[in-house]
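Trainee: I'm new to this one. Could we go through it together?

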Amino acid sequence: MAAHSQYEELARQLSAIGAVKREMGRMLPQDCPPASAGVLTLLDRHGEMRMSQLAELLAIDMSVTSRHVAHAAERGWIERKPDPADKRSRLLRLTPSGAELLEELAERYTATLARYLDDWTDTDVGHLTELLARLRTSFGDCRTRAHHDSTTRTPAG
């Protein structure tokens, strides 16, 4: 187990990652905020889904999800169609325009990372990728994690 000071430094480094995320967000097209890119990515990864499932995957309130969906739909990146299983619900689907935008974003992200990490070795990039994946796995589903933490904390911890 790592020393307490190492966890403190890790916490500082993770907080500073916000600057990296903001810089990566600057390369997005003006009309595509990070939240819209997230919606498109999830629809691409998971396929057609209801708004409630998208809200769950985004781990945000349904009203916020609705605003993100409206923004993407207004730009033609996603479509909403009636759910055949429940006519009151809508299914969200990535459009060809949305898929094109995602391809463009992937190219921009890759180019930006390559530019900023041009002095890193392939091994360094590989290690970072592995460690970030491991970190995400350790945290699991953050929405259910809070319950787990509250049942495993020690009184002084």
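Trainee: What sign does the phi of A59 have, and near what angle is it?

Mentor: Happy to start there! This is a predicted model, where local features need pLDDT of at least 70, side-chain atom pairs count only at pLDDT 80 or more, and totals for chains, interfaces and linings use all residues. Residues are numbered from 1 along each chain as its sequence is written, and side-chain values use heavy atoms, leaving out hydrogens and water. A59 follows α3 (helices are DSSP runs of H or I, at least four residues; strands are runs of E, at least two; both are numbered from the N terminus), and its phi is positive, near 60°.

Trainee: Why do the buried residues of α3 line one face of the helix?

Mentor: Buried means under 20% relative accessible area with a 1.4 Å probe, protein chains only. In α3, residues 51–58, that applies to M51, L54 and A55. Directions are taken from the helix axis to the C-beta atoms. Seen down that axis, the buried residues line one face because they fall within an arc of 100°.

Trainee: Which elements do these buried residues pack against?

Mentor: Contact here means heavy atoms within 4.5 Å. The partners of α3's buried residues are α2 (34–46), β1 (49–50), α4 (62–74) and β3 (86–94).

Trainee: Which helix gives the most to the largest nonpolar core?

Mentor: Such a core joins buried Ala, Val, Leu, Ile, Met, Phe, Trp, Tyr and Cys residues through side-chain atoms within 4.5 Å. Of its 21 residues, L40, L43, L54, I78 and L105 touch the most other members. With five residues, the top contributor is α2.

Methods:
Buried means under 20% relative accessible area, exposed over 50%, partly exposed in between (1.4 Å probe, protein chains only).
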